[in-house]
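Reader: Hey, I've got a structure open and I'm not sure where to begin. Could you walk me through it?

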Amino acid sequence: PSAPRQCQDPPDEALEQMFGRLSVGVMSAFHHALQLEPHDKLNLTCPSSGRTPGGRKGRLPVNLLSISPWAYRLSYEPSRFPRYIPEAYCLCRGCLLGPRGEESEQLRSTPVYAPSVILRRSGSCVGGRHSYTETYVSIAVGCTCVPRLERRRDGKSHTQSRGRAAPRPGGK
């Protein structure tokens with residue numbers, strides 16, 4: 001008896017054609033224009049000190065010049081196309097609002113998500129090849145500053161308004 005034939009992925013060119021038809025627009029431009037620095041060349045921590053106007057600042061990418069800086073990590077899934085997707089993550093908890101770019105916890109850094117379409121391998125095998133279906137996902141593309149959430153006594157969260165003073169420690 002012959003061994004059952006295993007299902008194989010279609011050629012990358014076929015997946016690229018399918019993906020190209022689906023991802024026309026912002027996300028396809030995002031993926032192609034993204035410049036990922038090698039991890040050993042970047043200090044991937046919050047740059048909360050020493051940010052001064054001028055100097056090397058002009059040569060840094062926009063994600064590191066932001067008051068809510070972010071970096072990228074590559075997400076890999078072998079059953080998805082594209083298999084590698086860059087995803088942003090925030091480098092700071094707060095935002096760099098101080099006069100010299102120090103981190104302030106008045107606001108918090110949070111990821112910004114954009115919708116994207118990917119191809120996900122389905123369980124079916126057609127003609128010895130895996131079939132793929134389009135799936136919509138949200139991908140973190142950067143970070144921004146938003147108001148901190150304040151915990152009320154009833155346990156619910158709400159956004160602190162600009163006109164109110166922050167609660168004192170101890171809840172009084």
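Author: Sure, we'll start with the overall layout and then look at single residues and pairs. One thing to know up front is that this is a predicted model.

Reader: Okay, how many helices and strands does the chain have?

Author: There are three helices and nine strands. Reading from the N terminus, the order of the elements is α-α-α-β-β-β-β-β-β-β-β-β.

Reader: And what share of the residues counts as buried?

Author: The chain has 172 residues, and 30% of them count as buried. As for surface, the chain exposes about 11,800 Å², with carbon and sulfur atoms supplying 53% of that.

Reader: What about contacts, how many join residues at least 24 apart?

Author: If you take contacts between residues at least 6 apart in sequence, 57% of them join residues at least 24 apart.

Reader: Let's do charges. How many salt bridges are there?

Author: The count comes to six. Here's the general idea: side chains of opposite charge can pair when their charged atoms come close. One of the six is between D9 and R121, with an N to O distance of 3.0 Å. D9 lies in the segment before α1 (12–22) and R121 in strand β6, so this pair ties together parts that are 112 residues apart in sequence.

Reader: Are D9 and R121 buried or exposed?

Author: In between, actually. D9 is partly exposed at 22% relative accessibility, and R121 is partly exposed too, at 27%.

Reader: Cool. Which residue does R83 meet in a salt bridge?

Author: D12, at 3.1 Å from N to O. This one also links distant parts of the chain: R83 is in the loop between β2 and β3, while D12 is in helix α1, 71 residues apart. R83 is buried, with a relative accessible area of 18%, whereas D12 is partly exposed at 35%.

Reader: Why does R83 count as buried at 18%?

Author: Because buried means under 20% relative accessible area, and R83 has 18%.

Reader: Got it. Which residues are linked in a network of salt bridges?

Author: D9, D12, R83 and R121 are linked that way. So the two pairs we just went through belong to one network.

Reader: What does E77 pair with?

Author: E77 meets R80 in a salt bridge of 3.2 Å, N to O. E77 is partly exposed, with a relative accessible area of 28%, but R80 is buried, at 4%.

Reader: Switching topic: how many aromatic pairs does the structure hold?

Author: It holds one. The partners are Y76 and Y84, whose ring centres are 4.7 Å apart. Their planes sit at 40 degrees, so the pair is tilted.

Reader: Why tilted and not stacked?

Author: Planes under 30 degrees apart count as stacked and over 60 as edge-to-face, so anything else is tilted. The planes of Y76 and Y84 are at 40 degrees, and that makes the pair tilted.

Reader: Where is Y84, and is it buried or exposed?

Author: Y84 is in strand β3 (residues 84–90), and it's exposed, with a relative accessible area of 52%. Its partner Y76 counts as partly exposed, at 45%. Y76 and Y84 also join L74 in making a nonpolar surface patch of about 350 Å².

Reader: What sits over the ring of Y89?

Author: The charged end of R73 does, 3.9 Å from the ring centre.

Reader: Which peptide bond is cis?

Author: The one from F81 to P82, with omega near 0 degrees. P82 is found in the loop between β2 (80–81) and β3.

Reader: Two last ones. What does T110 touch?

Author: Leaving out residues up to four places away in sequence, T110 touches S68, C90, G142, C143, T144 and V146. T110 is in strand β6 (residues 107–126) and is buried, at 18% relative accessible area.

Reader: And Y136, where is that, and what is it in contact with?

Author: Y136 is in strand β7 (residues 129–147). Apart from neighbours within four places in sequence, Y136 is in contact with S116 and V117. Y136 counts as exposed, at 59% relative accessibility. The C-alpha atoms of Y136 and R120 are separated by 9.7 Å, and the two residues are 16 residues apart along the chain.

Definitions and conventions. Residues are numbered from 1 along each chain as its sequence is written. This is a predicted model: local features need pLDDT of at least 70, side-chain atom pairs count only at pLDDT 80 or more; totals for chains, interfaces and linings use all residues. Side-chain values use heavy atoms; hydrogens and water are left out. Helices (H or I, at least four residues) and strands (E, at least two) are DSSP runs, numbered from the N terminus. Buried means under 20% relative accessible area, exposed over 50%, partly exposed in between (1.4 Å probe, protein chains only). Contact means heavy atoms within 4.5 Å. Rings of Phe, Tyr and Trp (its six-membered ring) pair if their centres lie within 6.5 Å; planes under 30 degrees apart count as stacked, over 60 as edge-to-face and the rest as tilted. A charge sits over a ring if NZ of Lys or CZ of Arg is within 6 Å of the ring centre and within 35 degrees of the ring normal. Patches are made of residues with over 30% relative accessible area and no salt bridge: like charges are joined within 9 Å, nonpolar side chains (Val, Leu, Ile, Met, Phe, Trp, Tyr) within 5 Å. Accessible areas come from the Shrake-Rupley method with a 1.4 Å probe; for residues, only the protein chains shown count as cover. A salt bridge is a side-chain nitrogen of Lys or Arg within 4 Å of a carboxyl oxygen of Asp or Glu.
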